[in-house]
Amino acid sequence: MRIALWLARAFLAATFFYSGVIKLGSSDNFAVTVYSFALVPSWFGEIFARGLPWAELIAAILLVLPRVHRQGALFVAVLCIIFLIAISWALYQGIILDCGCFGESVPSIEKMWLAVARDIFLFAVAIFALIGEASEKEIRG
């Protein structure tokens with residue numbers, strides 16, 4: 001179980017680190033993507049677009065630090081919920097766009113549904129990392 005937990009944290013850390021770096025490298029383009037969701041006021045969209053890459057990098061770092069990796073897993077789970085809400089809202093509104101998760105790509109409804117599936121998977125991995133650690137501690141006594 002320890003190896004599976006370690007792999008889950010490493011996978012999440014690598015994924016969120018990569019995503020954060022990509023967004024930092026194209027923060028103006030990502031800000032346009034955030035505005036396209038039409039979910040938050042423009043003043044908050046700017047703050048969100050500038051802050052999210054740093055939040056993803058912090059989550060990635062927390063996941064690999066021994067004393068705080070559970071907080072990192074919880075942080076990732078919360079981020080995944082936010083992403084799911086945003087993408088689901090856009091789909092509900094009929095807004096087809098590139099989520100901006102891993103750089104720019106051509107927007108399509110299929111890619112948006114793929115992003116929903118990916119975020120559900122990442123959420124499940126984060127919950128496994130969070131709950132699995134607690135279960136591991138119970139087993140060890």
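The legends below accompany an overall view and several close-up views of a predicted model of one protein chain.

**Figure 1. Overall view of the predicted protein chain, which has five helices and zero strands.** From the N terminus on, the elements follow the order α-α-α-α-α. Of the 141 residues in the protein chain, 41% are buried, and the chain exposes about 7900 Å², of which carbon and sulfur atoms supply 72%. Among the contacts in the protein chain with a separation of 6 or more, 69% are accounted for by residues 24 or more positions apart.

**Figure 2. Close-up of helix 1, with its buried residues and an exposed tryptophan.** Helix 1 is made of 24 residues and reaches 34 Å from its first C-alpha to its last, which is close to the 34 Å expected at 1.5 Å a residue. The buried residues of this helix are L5, A8, R9, L12, A13, T15, F16, S19, G20 and K23. An α-helix has 3.6 residues a turn, so residues three or four places apart point the same way. W6, which also has its place in helix 1, counts as exposed because its relative accessible area of 52% is over the 50% cut-off. Together with I3 and L7, W6 makes a nonpolar surface patch of about 370 Å².

**Figure 3. Close-up of the salt bridge between E56 and K23.** The side chains of these two residues, E56 and K23, meet at 3.0 Å, N to O. The pair links distant parts of the chain, as E56 belongs to helix 3 (residues 42–64) and K23 to helix 1 (residues 2–25), 33 residues apart. By the rule applied, the count for the model comes to one salt bridge. Both partners are buried, E56 with a relative accessible area of 1% and K23 with a relative accessible area of 3%. Leaving aside its neighbours within four places in sequence, E56 is in contact not just with K23 but also with F16, S19, G20, L79 and F83. Of the residues in contact with E56, F16, S19, G20 and K23 are listed among the buried residues of helix 1.

**Figure 4. Close-up of A49 in helix 3, shown together with L24.** A49 has a relative accessibility of 1% and therefore counts as buried. The C-alpha atoms of A49 and L24 are separated by 9.3 Å, although the two residues are 25 residues apart along the chain.

**Figure 5. Close-up of the largest nonpolar core, which has 22 residues.** The residues with the most contacts inside this core are L12, F16, L63, V76 and L79. Helix 1, helix 2 (27–36), helix 3, helix 4 (69–93) and helix 5 (109–140) each supply at least two residues of the core, and helix 4 gives the most, with six residues. When its neighbours within four places in sequence are left aside, V76 is in contact with L12, F16, A59, L63 and A126. A second, separate core has ten residues, including L91, L97, C99 and A115.

**Figure 6. Close-up of helix 4 and the residue just after it, G94.** Helix 4 has 25 residues, and the distance from its first C-alpha to its last is 36 Å, close to the 36 Å expected at 1.5 Å a residue. Just after the helix, G94 takes a positive phi of about 80°.

**Figure 7. Close-up of F123, whose place is in helix 5.** With a relative accessibility of 27%, F123 counts as partly exposed, because this class lies between the 20% limit for buried residues and the 50% limit for exposed ones. Leaving aside its neighbours within four places in sequence, F123 is in contact with A77, C80 and I81. For one of these residues, I81, the C-alpha to C-alpha distance to F123 is 7.4 Å in space, while the two are 42 residues apart in sequence.

How values were computed
Residues numbered from 1 in each chain as written. Predicted model: local features only at pLDDT ≥ 70, side-chain atom pairs only at ≥ 80, totals over all residues. Heavy atoms only, no water. Helix = DSSP H or I, 4+ residues; strand = E, 2+ residues; numbered from the N terminus. Buried < 20%, exposed > 50% of the residue type's maximum accessible area, 1.4 Å probe, protein only. Contact = heavy atoms within 4.5 Å. Areas by Shrake-Rupley, 256 points an atom, 1.4 Å probe, with all protein chains shown as cover. Salt bridge = Lys/Arg side-chain N within 4 Å of Asp/Glu carboxyl O. Patch = residues over 30% accessible without salt bridge, like charges linked within 9 Å, V, L, I, M, F, W, Y side chains within 5 Å. Expected span 1.5 Å × (residues − 1). Core = buried A, V, L, I, M, F, W, Y, C linked by side-chain atoms within 4.5 Å.
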